[in-house]
Amino acid sequence: MGIISWIVLGLLAGVVAKVLLPGRDPGGFIGTTVIGIAGAFIGGWLSARYFDREIANDIYDGATWAAAIGGSLVLLVAYRILFGHSRR
């Protein structure tokens, strides 16, 4: 999979993560998009590094999608904890 495929996968993973964790994000659409792309890269790297799951060269691989969405969810939660608005 090339870099463009990972970016597209990250965009879609960011959208799925946003659907799974609805609410206002401090960064808006662009922040969520960047989190999705970074989550796809980090999720793929963690999957290959710690779970002995090689990164597939096919964008239709379910494990690749799961790693990208999982990475996006983790980054989205961390982003909300670090930069979220207070409820005061």
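**Exercise 1. Is S47 buried or exposed, going by its relative accessible area?**

Before the solution, some ground rules. This is a predicted model, where local features need pLDDT of at least 70 and side-chain atom pairs count only at pLDDT 80 or more, while totals for chains, interfaces and linings use all residues. Residues are numbered from 1 along each chain as its sequence is written, and side-chain values use heavy atoms, with hydrogens and water left out.

*Solution.*
- Step 1: find the residue. S47 sits in helix α2; helices here are DSSP runs of H or I with at least four residues, strands are E runs of at least two, and both are numbered from the N terminus.
- Step 2: apply the cut-offs. Buried means under 20% relative accessible area, exposed means over 50%, and partly exposed lies in between (1.4 Å probe, protein chains only). S47 has 12%, so S47 is buried.
- Step 3: look at the company. Not counting residues up to four places away in sequence, S47 touches D52, R53 and A67, where contact means heavy atoms within 4.5 Å.

**Exercise 2. Describe how α1 and α2 pack.**

*Solution.*
- Step 1: pick the descriptors. Two packed helices are described by the angle between their axes and the distance between the axes.
- Step 2: read them off. The axes of α1 (residues 3–20) and α2 (residues 28–50) come within 7 Å and cross at roughly 115°. Axes are lines fitted to C-alpha atoms, for helices over the stretch in contact, and angles run from 0 to 180 degrees between N-to-C directions.
- Step 3: give the hand. This crossing is right-handed; the near helix turned clockwise from the far one makes a crossing right-handed, while anticlockwise by less than a right angle makes it left-handed.
- Step 4: list the partners. On the α1 side you have I3, W6, I7, G10, L11, G14 and K18, and on the α2 side T32, T33, G36, I37, A40, F41 and G44.
- Step 5: sort them. The split is seven nonpolar, six polar and one charged. Ala, Val, Leu, Ile, Met, Phe, Trp, Tyr, Cys and Pro go down as nonpolar, Asp, Glu, Lys and Arg as charged, and the others, Gly among them, as polar.

**Exercise 3. Compare the settings of L12, I35 and T64.**

*Solution.*
- Step 1: take L12, in helix α1. With 41% relative accessibility, L12 is partly exposed. Its C-alpha atom is 7.3 Å from that of G36, 24 residues apart along the chain.
- Step 2: go to I35, in helix α2. I35 counts as buried because its relative accessibility is 10%. Skip the neighbours within four places in sequence, and I35 is in contact with S72, L75, L76 and Y79.
- Step 3: finish with T64, in helix α3. T64 has a relative accessible area of 6%, so this residue is buried. C-alpha to C-alpha, T64 and A40 are separated by 8.5 Å.

**Exercise 4. Sum up the whole chain and say how far to trust it.**

*Solution.*
- Step 1: count elements. There are three helices and zero strands.
- Step 2: check burial. Of the 88 residues, 30% count as buried.
- Step 3: check contact range. Among contacts with a separation of 6 or more, 78% join residues 24 or more positions apart.
- Step 4: check confidence. Mean pLDDT (the predictor's confidence in each residue, from 0 to 100) is 78, and 84% of residues reach 70 or more. Among the elements, α2 has the lowest mean, 80, and α3 (residues 62–83) the highest, 83. Where pLDDT is low, the predicted coordinates should not be read in detail.
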